[in-house]
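Me: Please take a close look at a single part of this model and describe it in one connected account. I should like to know what it contains, what it pairs with and what surrounds it.

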Amino acid sequence: SKLTLQDTRTCASENRLLHHGLFTVCTSEILKMKLAIAATLATSAAAFAPASKAASKTALKAFESEIGAQPPLGFFDPLGMLADADQERFDRLRYVELKHGRIAQLAFLGQIVTRAGLHLPGS
């Protein structure tokens, strides 16, 4: 914020006026800014604090030996889609995931080929 003439006189009379290059700043303004920065840093540090681990409530031990289940996560099912599933449901979801992955790869390849200038005949 810009200092008014009255603010400058008040800061100067209390010997709190700093001249820094092109700017003249009141030390109380600097203190406010430092406090704002410290508060921002303190609150943002909480975002990176480790979260407490809650015990797993689902019985997914049946799929712990499947391909892809590896430490440190083990079997990873964040949406809980297999909480009460049997082996048939697990196999179906795995098949569908592979199919969708392959379709996405073909779509990406189609995009690359089209951008390279190759087009199918027709309008």
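Reply: Leu106 belongs to helix α3, which covers residues 87–115. The model is a predicted one, and the values given here are to be read accordingly. With a relative accessibility of 59%, Leu106 counts as exposed, because the threshold for that class is over 50%. Leu106 is also one member of a nonpolar surface patch that further includes Phe108, Leu109, Ile112, Val113 and Leu118. Together these residues present about 610 Å² of accessible area.

The helix itself comprises 29 residues. From the first C-alpha to the last, α3 reaches 42 Å, close to the 42 Å expected at 1.5 Å a residue. Just after α3, Gly117 adopts a positive phi of about 105°.

Two side-chain pairs deserve attention next. The first concerns charge. Side chains of opposite charge can pair when their charged atoms come close. The structure holds 1 salt bridge, and it is formed by Arg94 and Glu66, whose closest N and O atoms are 3.7 Å apart. Arg94 lies in helix α3 whereas Glu66 lies in the loop between α2 and α3, so the pair ties together parts that are 28 residues apart in sequence. Arg94 is partly exposed, because its relative accessible area of 29% falls between the limits of 20% for buried and 50% for exposed residues.

The second concerns aromatic rings. A search of the whole structure finds 1 aromatic pair. Phe75 and Phe90 make up this pair, with 5.9 Å from centre to centre and 50° between the planes, an arrangement classed as tilted. The pair links distant parts of the chain: Phe75 is in the loop between α2 (27–45) and α3, Phe90 is in helix α3, and the two are 15 residues apart. Both Phe75 and Phe90 are buried, whereas Leu106 in the same helix is exposed.

The setting of the helix within the chain remains to be described. The secondary structure comprises 3 helices and 2 strands, and from the N terminus on the elements follow the order α-β-β-α-α. Of the 123 residues of the chain, 10% count as buried, and Phe75 and Phe90 are among the buried residues. The chain exposes about 11,000 Å², of which carbon and sulfur atoms supply 63%. Among contacts with a separation of 6 or more, 16% are between residues 24 or more positions apart.

Definitions and conventions:
Residues are numbered from 1 along each chain as its sequence is written. This is a predicted model: local features need pLDDT of at least 70, side-chain atom pairs count only at pLDDT 80 or more; totals for chains, interfaces and linings use all residues. Side-chain values use heavy atoms; hydrogens and water are left out. Patches are made of residues with over 30% relative accessible area and no salt bridge: like charges are joined within 9 Å, nonpolar side chains (Val, Leu, Ile, Met, Phe, Trp, Tyr) within 5 Å. Accessible areas come from the Shrake-Rupley method with a 1.4 Å probe; for residues, only the protein chains shown count as cover. A salt bridge is a side-chain nitrogen of Lys or Arg within 4 Å of a carboxyl oxygen of Asp or Glu. Helices (H or I, at least four residues) and strands (E, at least two) are DSSP runs, numbered from the N terminus. Buried means under 20% relative accessible area, exposed over 50%, partly exposed in between (1.4 Å probe, protein chains only). Rings of Phe, Tyr and Trp (its six-membered ring) pair if their centres lie within 6.5 Å; planes under 30 degrees apart count as stacked, over 60 as edge-to-face and the rest as tilted. The expected span of a helix is 1.5 Å times one less than its number of residues. Contact means heavy atoms within 4.5 Å.
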